[in-house]
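How do two helices pack against each other, and what surrounds one of them? Take a look at the model first.

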Amino acid sequence: MRIVIVGATGNIGTAILRRLHEGAARPDDSAGAGDAVATHELVGVSRRRPDARVYPYSGVEWHEADVSAPDAVERLTGILTGADAVVHLSWLLQPNHRERVLWATNVVGFDNVLAAAAAAAVPHVVVSSSVGAYSRGPKRSRVGEDWPTGGVHTSHYSRHKAANERAMDEFEARHPQIVVARVRPGLVFQ
């Protein structure tokens, strides 16, 4: 399986690379003794290429790309062509005081990844959204995953995640043949 991870050098991307490397080394219960699970073909996309001699960045085909660049859709389409899945993790948290810079990567860049996934006919798109995409809810009771994802207007992080949720809604409507998996974690630590 060819898996492209956009934002592969970040916190979650690095963890996913570790897990996929570990999974490839485990014996397959259905195989004969000593047989191993077939390894995934891993493709990493990041602004800056990591040291590919260092685990977990080794054994990965690397591409440097800025998802917000004017030529991003074209570049990403080439990278995503032939992929079985793309995992979108690209996100900027800083500089907090420059929301236009954050918007360019977090929202425009996300739109570019979706456009490239459609152009490359990637059958499965996995997106790291956030609980920050949800609209305000009641303080003393839980809400379900069907709670509105309109964000919280006082937080640019929340506004950007909510904008991405709308983009996924539109993408799913235009491309019903592509499976979109939305993951909405809280804080992620390693």
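The axes of helix H2 (residues 72-80) and helix H3 (residues 99-119) come within 8 Å and cross at roughly 45°. This is a predicted model: local features need pLDDT of at least 70, side-chain atom pairs count only at pLDDT 80 or more, and totals for chains, interfaces and linings use all residues. Residues are numbered from 1 along each chain as its sequence is written, and side-chain values use heavy atoms, with hydrogens and water left out.

Helices (H or I, at least four residues) and strands (E, at least two) are DSSP runs, numbered from the N terminus. Axes are lines fitted to C-alpha atoms, for helices over the stretch in contact, and angles run from 0 to 180 degrees between N-to-C directions.

H2 and H3 are therefore oblique to each other. Angles under 35 degrees count as roughly parallel, over 145 as roughly antiparallel, 65 to 115 as roughly perpendicular and the rest as oblique.

Now the contact, meaning heavy atoms within 4.5 Å. From H2 come Ala72, Val73, Leu76, Thr77 and Leu80; they meet Asn112, Val113, Ala115, Ala116, Ala117 and Ala119 in H3.

Which residues of H2 are buried (under 20% relative accessible area, exposed being over 50%, partly exposed in between, with a 1.4 Å probe and protein chains only)? They are Ala72, Leu76, Thr77, Ile79 and Leu80. Strand E1 (2-6), strand E2 (41-46), strand E3 (61-64), strand E4 (85-88) and H3 are among what covers them. On the other side of H2, Glu74 and Gly78 are exposed.

Just after H2, glycine 82 has a positive phi of about 90°.
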